[in-house]
Amino acid sequence: MADALVQVESLSFSHRHGGHEQRVLSNLTIALTPGELVVLTGPSGSGKTTLITIIGGLRTATEGSVQVLGRELVRAKERVLIKLRRELGYIFQQHNLAPALSIAENVQMGLQLSNGHKDADAAQRIERMAERLGLEDHLKKMPSQLSGGQQQRAGIARALVNEPSLVLADEPTASLDRASGQLVMDLFNDMAEGGSAIVLVTHDKRILDQADRILNLEDGVLVPAGDALMRDTSESLKKLMDIDAPRLGRMMSVGQALAQVALADGKIDAQERAAMRDAIARQKIFSGAELNLVVDLALAQAQAWSQTSASPEGLQELQRAVEAVALADEVVTDEEKAVIRRLLDQAGQA
Amino acid sequence: MRAVPYAWLQLSHDKLKLVAAVGGIMFAVVLVFMQLGLREALFDSSVRLHRAMDYDLVMISPLTTYVGRTKNFPRSRLYQVAGLQDVETVSSLYLALTNYYYAETPDTHRQVLTIGVDPADQDVRFPGVLEQIGQLKKPDRVIMDRYSRGEFQPAIATAADGNPVALQLNDRTVSLIGLYDLGTSFGVDGSIVTSDLNFQRIFPNRTPGQIDLGLIRLKSSIDSETAQREIRTFLPDDVLVLTREEFVRREVDYWSGSTPIGYVFTLGAVIGVIVGLIIVYQILFADVQTHLSEYATLKAMGYSQGFLRGLIFKEAVFLSVLGFIPALGLAHVLYGQAEAATQLPLVMTVGRAVLVLVVTVIMCCLSGLLAIRKLNGLDPAEVF
């Protein structure tokens, strides 16, 4: 890929601990193009941070090739790595602002890397960046006078003031509230629109839907993001069942009922989605996160039914599956047969 | 925009810590100043007599260790030189430490350096001596150094007021009739000048033909080293003929090399530097330790190891200058007090101030160099 900002080929990385070698990343191949906002997810210890430190020239891969902004980083000299780091925007989970410097001075340290502080508009650049992140009233303050979230945003301003073409961010929104997190995401989106590539390591599910691509790392290898999401969702549902089974049951039955009604005419449009939400909200049965979950369950179920019915093979699979469940106790009762028939009818009509 | 003065901001962020650091360095620098000052004062004071007399060459016994402990030699050796064509005049001096007693201060038992000179000679030129030397021809008349140590000051004060003062030198009563200006040294608490005949009266066991110093003045066109070489060709080894510089150097060498005093002060100065080194190292090491994650962040951002080293070195230089300035002022005050108390020539010279500044900067930079080792293994990936 000629215009890739990052081209990782067959990358592997191992740690050595007293003669024992521990493989952290295995045979990864990734390309990042300008304008992409990529979210890197995965459980703790899966190698996400290691991967971005390798892309950022802070660690060296043991095997493979890592080309970033046109430079090969494997076996590169320190001065090449330093030059590269100056062209990147790093956002660290621990912002590590210098406590002796004001917020403006901390941000300026990012600008100084490229001698940008000598430009005529240097002060305006710092102010603009601070304004984007809601820090315009805090530039003269010391880090200790700011909240954790404000400090995190100052760290982000320091990383982005140079308008880098590649941003590597480790949990950038972890310590931010929803509004501040969205400010940061808006900035990332704008930068991506301007041609920068953004890589976010995050566990924050709120920002998954804003990603152009989700890369999921598990035990040092890339696995499809859908698999991970399903597993996470399944685990979440189990936990919810353990905590409050009656409430979850109520939400699921309401969701199922809504899905059936909405799918009665064979399709769900935006109007019906809005109506679903309004109807539940008016009943005041569920609120906040519960409301969202019920609607999401209904939509997911309706979508699943509609996709199953799209092919005769899908219907046959569904029939085999439900019959297998009915046969689990070696007897298929009349009641079970009636339910199976009704389900298949619904799926066939959808 | 000007670059962020990172080092200074970091250093001055914690004011209390900065004051403590500067205080520590100031203490070390004052220690160095005092040791060097006292060391130089020792050397300067020990050659006051050497510099106050008018001569081109000096004759001494090879067994003379320092001016307070001379070994006499035959006056005839000096007369041998007097006949040379290049020699203008020669003068004999008698030197000896004398037991001093002043009835008004009966508890004061001290020794004073007594200098016997021929009243006809003009070579002993301490301020005040030439004007009074004629009066010393009278029996048992002496004049005394105005800057002798405090124990002698009651007698000096009485004489300064024009009142008669009777002193006992080696149990002989003499009259103190005037004062001159010379100053003390580590080896000599005070001095007295009298005529050669009076010297004989105070030291009846001394043979007039045995002198302690022979001063040789050459004709104005004569090079002292050339004359020295010529004189050495015919004099036996029982005397040494030295130029002024050699005479001064010999005295200084005695104090610096043959007594523990010079060593002690040099060691004191070195200890001062070591104390400063440790203080600055502690400060900078703690600074690096505290800010390690910030430094790793800077490194991850693209700042080089050189930038971080520069940061620590700048802090070291700031600390050295901040510690030096008040130390210079304090040392100046302490010099004045010590000079008043000891009559030793403790003077702050530009050369010494510059030397100590350079030593302080080097000391702080060395500490910085040690503290920087902590940065060498800094892995920027650690901040993730």
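Chain A of this predicted model is divided into two domains, with domain 1 covering residues 6-223 and domain 2 covering residues 229-349. Taken over C-alpha atoms, the centres of domain 1 and domain 2 of chain A are separated by 40 Å.

**Sheets of chain A**

One open sheet of chain A is built from six strands in the order E6-E7-E8-E3-E9-E10, and its pairing is mixed. Strand E6 (88-91) and strand E10 (221-223) of chain A stand at the edges, and because each has a single partner strand, one side of each is left without a neighbour in the sheet. From one strand to the next, the twist of this six-stranded sheet averages 25 degrees. At the E6 edge, E6(A) runs parallel to strand E7 (residues 166-170) of chain A and is joined to that strand by four bridges, while A:Ile91 stands opposite A:Ala169 in E7(A).

A further open sheet of chain A has four strands in the order E2-E1-E4-E5, with antiparallel pairing. Here the edge strands are E2 (20-32) and E5 (71-72) of chain A, each of which pairs on one side only. Within this sheet, strand E1 (residues 6-17) of chain A and strand E4 (residues 63-68) of chain A pair in the antiparallel sense over five bridges, and A:Glu9 stands opposite A:Ser65 in E4(A).

The two strand pairs described above are set out here.

| Strand pair | Sense | Bridges |
|---|---|---|
| E6(A) and E7(A) | parallel | four bridges |
| E1(A) and E4(A) | antiparallel | five bridges |

**A helix pair in chain B**

In chain B, the axes of helix H10 (residues 260-290) and helix H12 (residues 305-342) come within 11 Å and cross at roughly 145 degrees, and the crossing of H10(B) past H12(B) is right-handed. H10(B) brings B:Val280, B:Ile283, B:Leu284, B:Asp287 and B:Val288 to this contact, whereas H12(B) brings B:Ile312, B:Glu315, B:Ala316 and B:Leu319. By class, the residues of the contact between H10(B) and H12(B) comprise seven nonpolar and two charged, with no polar ones.

**Where the chains meet**

Between the chains, 17 residues of chain B are in contact with 25 residues of chain A. On the side of chain B that touches chain A, helix H1 (6-13) and helix H11 (292-301) of chain B each supply at least two residues, and H11(B) gives the most, with five residues. That side of chain B has ten nonpolar, six polar and one charged residues.

Terms used: Residues are numbered from 1 along each chain as its sequence is written. Chains are lettered from A and ligands numbered from 1 in the order in which they are written. This is a predicted model: local features need pLDDT of at least 70, side-chain atom pairs count only at pLDDT 80 or more; totals for chains, interfaces and linings use all residues. Domain bounds come from an automatic or database domain assignment. Axes are lines fitted to C-alpha atoms, for helices over the stretch in contact, and angles run from 0 to 180 degrees between N-to-C directions. A crossing is left-handed if the near helix is turned anticlockwise from the far one by less than a right angle, and right-handed if clockwise. Two residues are in contact if their C-beta atoms, placed from the backbone, lie within 7 Å. Ala, Val, Leu, Ile, Met, Phe, Trp, Tyr, Cys and Pro count as nonpolar, Asp, Glu, Lys and Arg as charged, and the others, Gly among them, as polar. Two strands pair if DSSP finds at least two bridges between them.
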